[in-house]
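Hi,

Here is the structure I promised to pass on to you. Please open it beside this email, and then read on for what turned up.

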Amino acid sequence: MAKEKKSVRLEHISKIYQDPKTKKDFYAVNNAHLEIAPGAFVTLLGPSGCGKTTTLRMIAGFESPDFGEIYLGGEPINALAPNKRDTAMVFQSYALLPHYNVFDNVAYGLKLRKQDRETIKRKVLSILDLVGLSGMEGRMTNQLSGGQQQRVALARALVLEPGVLLFDEPLSNLDAKLRVTMRTEIRRIQQEAGITAVYVTHDQSEAMALSDQIIIMEKGVVAQIGTPQEVYYHPSNEFVADFIGEANFLRGKLAGGGKAEICGHMVEVPPSAGRPAGQDCTLVLRPESAVLADQGQLPCKVILSCFMGSYQNYHVTVGDTLVKITDFNPKSKKIYQVGDNAWVNFSRDDVHVL
């Protein structure tokens, strides 16, 4: 549907703001360098204030970088106004026109571009079919549910056939169940339209469900770029590991030969290329990668045992370290109770060494 799948490239982009209280300058985005392939769905993920929305707004043209250049399909666009860029934005607030019906909301941008009536009608009805709103073109937007309003906002952006579609936390106003439904729909529509998408969220599960690649930002800096699997299983640092899912951090020393000493006990770990024995290390252990047993690798004491239906939720202490364990399908397994002594077991392939 899109005229052309466009790549997006940010070359060493920085944006500086002034803190209104201290009057000191700070980097909202600091030397961000990234490339987004044509047709990819990429998510900018991070906590509030990390620079993800500022980055999106610079791509859209609502903010200008202080340093660096932004390219769309190989074309430098820093000097272009937002309406001259081959992009369209889906906003958090939907930004629908309340006195227009669904058809006129979606047609608004096409009318501004002075397209003829028949072309507008054909494009609008086609897009409404794609987003699942066929037959609702005469409805006023205040008669629609939140999910339907979001679909109208998406249709209004898609109908312009942009090279790149930008999303600014578009699902944050919806309830939890509808968010899951709508993220599935957004991914389906993006793939059917074959459009490049850049999506901003602070919701890790949203990012995992939607993305070909995730760009994790921390304090204005790109912390890691990778597939959902790469950032989950091979985080670049503790911030990334902690932000993507839950993680336990076991501190110790490398012992060489694919082993590490944790709390006085030797455990097997993936080989750490080029890192000498005796060096401090941190093992990233996901809660679902560990199990409790009557004997094994690391002795522990159970301080929480909670049945959650599909899994048993444990908190245990290994020395002074709290370790969370998610033991799935506990029906036929031994259930450890608070106060029990047990052992934490895991496979060497299921830990990541930092």
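Leaving aside its neighbours within four places in sequence, which residues is glutamate 169 in contact with? Beyond those neighbours, glutamate 169 touches Lys52, Gln92, Val200, Thr201 and His202. Before I say more about that spot, please keep in mind that this is a predicted model.

**The chain as a whole**

The chain has eight helices and 20 strands. Its C-alpha atoms fill a box of roughly 75 × 45 × 40 Å along the principal axes. Of the 354 residues, 47% are buried. Taking contacts between residues at least 6 apart in sequence, 66% join residues at least 24 apart.

**Around glutamate 169**

Glutamate 169 sits in the loop between β7 (164-168) and α5 (176-193). This residue is buried, yet it has no salt bridge. The nearest side chain of opposite charge belongs to lysine 52, 4.2 Å away. A salt bridge needs the nitrogen and the carboxyl oxygen to be within 4 Å, so this pair does not count as one.

Lysine 52 leads on to helix α1, which spans residues 52-60. That helix is mostly covered, with seven of its nine residues buried. The buried ones are Lys52, Thr54, Thr55, Leu56, Met58, Ile59 and Ala60. Just after α1 comes glycine 61, with a positive phi of about 100 degrees.

**The six-stranded sheet**

β7, the strand before the glutamate 169 loop, belongs to an open sheet of six strands in the order β6-β7-β8-β3-β9-β10, and the pairing there is mixed. At the edges stand β6 (87-90) and β10 (221-226); each has a single partner strand, so one side of each is left without a neighbour in the sheet. On average, neighbouring strands in this sheet are turned by 20 degrees against each other, direction ignored.

At the β10 edge, strand β9 (residues 213-218) pairs with β10 in the antiparallel sense over five bridges. If you want one pair to click on, isoleucine 214 has glycine 226 in β10 as its bridge partner. Towards the other edge, helix α4 (residues 146-158) lies across β6 and β7 and runs at about 175 degrees to β6.

**The five-stranded sheet**

There is also an open sheet of five strands, ordered β15-β19-β16-β17-β18, with antiparallel pairing. Its edge strands are β15 (291-293) and β18 (321-328), each of which pairs on one side only. Neighbouring strands here are turned by 45 degrees against each other on average, again ignoring direction.

Going through the pairings:

- β15 and strand β19 (residues 341-345) pair over three antiparallel bridges, and tryptophan 343 in β19 is the bridge partner of alanine 293.
- Strand β16 (residues 298-307) and β17 pair over six antiparallel bridges. Their hairpin has three residues between the strands, and glycine 309 in it takes a positive phi near 90 degrees.
- β17 and β18 pair over eight antiparallel bridges, with tyrosine 314 standing opposite isoleucine 325 in β18. This hairpin has two residues between its strands, and glycine 319 in the turn has a positive phi of about 65 degrees.

Strand β17 (residues 311-318) has six of its eight residues buried, so it is largely enclosed by the rest of the structure.

**Cysteines**

How many disulfides does the count come to? The count comes to zero disulfides. Cysteine 300 is in no disulfide, and the nearest cysteine sulfur, that of cysteine 263, is 11 Å away. The relative accessibility of cysteine 300 is 6%, so this residue counts as buried. Cysteine 306 is in no disulfide either; its nearest cysteine sulfur is that of cysteine 300, 17 Å away. At a relative accessible area of 29%, cysteine 306 is partly exposed. Cysteine 306 also has a place in the five-stranded sheet's pairing, where asparagine 313 in β17 is its bridge partner.

If you have just a few minutes with the viewer, I would begin at glutamate 169, which is buried without a salt bridge, and then turn to the hairpin of β17 and β18.

Best wishes

Conventions
Residues numbered from 1 in each chain as written. Predicted model: local features only at pLDDT ≥ 70, side-chain atom pairs only at ≥ 80, totals over all residues. Heavy atoms only, no water. Disulfide = S-S within 2.5 Å. Buried < 20%, exposed > 50% of the residue type's maximum accessible area, 1.4 Å probe, protein only. Pairing = 2+ DSSP bridges. Helix = DSSP H or I, 4+ residues; strand = E, 2+ residues; numbered from the N terminus. Axes fitted to C-alpha atoms, helices over the stretch in contact; angles between N-to-C directions. Lys, Arg positive; Asp, Glu negative; His and termini not counted. Contact = heavy atoms within 4.5 Å.
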